[in-house]
Amino acid sequence: MDTLTRIRAFIDVVEAEGFSAAARKMGRSKALLSKYVRELEDELGALLLNRTTRQFSLTEAGHTYYRTASDILKEIDNLADLVRENNADLKGRLRISAPRTYMDDDIGHSLIDFAKAHPDLSLEILSEDRFVDLIEEGFDVAIRITKLEDSGMIARKLADFRIYVCATPEFIEKYGPLNHPNDLSNVPFIIDTNTRSHNNIRFVERDGSAFSVPVTGPIEVNSPLATLRAARAGLGVAAVPDFVARSVIESGEMLSLFDEYLPADRGIYAVYPHRRYLPAKVRTFVDFLSNWFRKRD
């Protein structure tokens, strides 16, 4: 019996949180999995799992071994995928993290189109507005709408992204004139709490220097769509993603303010962990999204 088989058995037991659950999931007997794990412990000369009739837990050595062994197995599986890439269809599961705003807008259809193009690949999509830890939480790839910062991850830009600061013509007529971003401190503002500094709107002067304008208003909500609805109702100015606000800007229902002061350092990115062998399913997914956005433009 090779060590790799024993390691896989150990990881299956840990991730299933028990021998019985792992046996059901993997279609093997509980006794066989227990034998593999015991042989691995004998080979290492260390106890990896604490076993009782009612409890199951990792030892300190088990925690250390699990983290490293999981990474090693992922690299082995990724290498196998790489070799098989040109000879087989994509199969398995792809875990994706994406902002709720992305999934709720038309651009979220990009993931549906990918699923249709690869019916043998199962997508597990977590749609929520937070930065997940891809490695710790077991995600293959994340879609992020952000100013790119050094995170130790690999990032590929899918599309440009900007924010519209906008209001209805009637609101501007009532509260205007609004000649400079600093004027926003004196008018009602609809605040999207998803943004990192939601009570401060970031701008750039013509000389390139950055500055922030503090804002307050009658509504704070963690949804760009709700933010836009409130602004369309005349309750205040809103800072809204371009893919959410573009249609009402183009129709003239909303007016875009201070375009020349808005930063142009953000984008929509696909982000994934740095691995020696990038899984074929991740590479195919990122390539698909890149082409999808290119055709959309």
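**Exercise 1. Which residues on the other side of α2 are exposed?** Work on the predicted model, starting from the buried residues of this helix and ending with what follows it.

*Solution.* Begin with helix α2, which spans residues 19-26 and has Phe19, Ala22 and Ala23 as its buried residues. These residues lie on the same side of α2, because the arc they cover around the axis is only 100 degrees. A general point of helix geometry supports this reading: an α-helix has 3.6 residues a turn, so residues three or four places apart point the same way. Turning to the other side of α2, one finds Arg24 and Lys25, which are exposed. The cover over the buried residues of α2 includes the helices α1 and α3, together with β1 (49-51) and β2 (56-58). After α2 comes Gly27, with a positive phi near 70 degrees.

**Exercise 2. Describe helix α3 by its span, its buried residues and its exposed residues.**

*Solution.* Take the span as the opening step: α3 covers residues 30-44, which makes 15 residues, and its first and last C-alpha are 21 Å apart, close to the 21 Å expected at 1.5 Å a residue. Next, list the buried positions of α3, namely Leu33, Tyr36, Val37, Leu40 and Glu41. Their arc around the axis is only 135 degrees, and therefore they sit on the same side of α3. Ala31 and Asp42, by contrast, are exposed and belong to the other side of α3. Just after the helix, Gly45 adopts a positive phi of about 70 degrees.

**Exercise 3. Is Arg6 buried or exposed, and with which side chains does the side chain of Arg6 make polar contacts?**

*Solution.* Locate the residue before judging it: Arg6 belongs to helix α1, residues 3-16. Its relative accessibility is 13%, and because the cut-off for buried is under 20%, Arg6 counts as buried. For the contacts, consider the side chain of Glu39, which is joined to that of Arg6 by a polar contact of 3.0 Å. A polar contact of 3.1 Å also links the side chains of Arg6 and Glu43.

**Exercise 4. Work out how strand β5 is enclosed and how it is paired.**

*Solution.* Start with burial: strand β5 comprises residues 141-147, and five of its seven residues are buried, so the strand is largely enclosed by the rest of the structure. Then consider strand β3 (residues 92-98), which runs parallel to β5 and is joined to it by two bridges; in this pairing, Ile96 is opposite Val141 of β5. Strand β14 (residues 266-273) pairs with β5 as well, in the antiparallel sense and over six bridges, with Val271 of β14 as the bridge partner of Ala142.

**Exercise 5. In what order do the five strands of the open sheet that includes β7 and β12 come, and which helix packs on this sheet?**

*Solution.* Reading across the sheet, the order is β11-β8-β12-β7-β13, with mixed pairing. Its edges are β11 (220-221) and β13 (255-257), each of which pairs on one side only. Within the sheet, β7 (residues 163-167) and β12 (residues 237-241) are antiparallel and share four bridges, and Val165 has Ala239 of β12 as its bridge partner. The helix that packs on the sheet is α9 (residues 242-251), which touches β7, β12 and β13; the angle between the directions of α9 and β12 is about 120 degrees.

Conventions:
Residues are numbered from 1 along each chain as its sequence is written. This is a predicted model: local features need pLDDT of at least 70, side-chain atom pairs count only at pLDDT 80 or more; totals for chains, interfaces and linings use all residues. Side-chain values use heavy atoms; hydrogens and water are left out. Two strands pair if DSSP finds at least two bridges between them. Contact means heavy atoms within 4.5 Å. Axes are lines fitted to C-alpha atoms, for helices over the stretch in contact, and angles run from 0 to 180 degrees between N-to-C directions. Buried means under 20% relative accessible area, exposed over 50%, partly exposed in between (1.4 Å probe, protein chains only). A polar contact is a pair of N or O atoms within 3.5 Å; within protein, one must be able to donate a hydrogen and the other to accept it, and residues adjacent in sequence count only if both atoms are side-chain atoms. The expected span of a helix is 1.5 Å times one less than its number of residues. The arc is that of the directions from the helix axis to the C-beta atoms.
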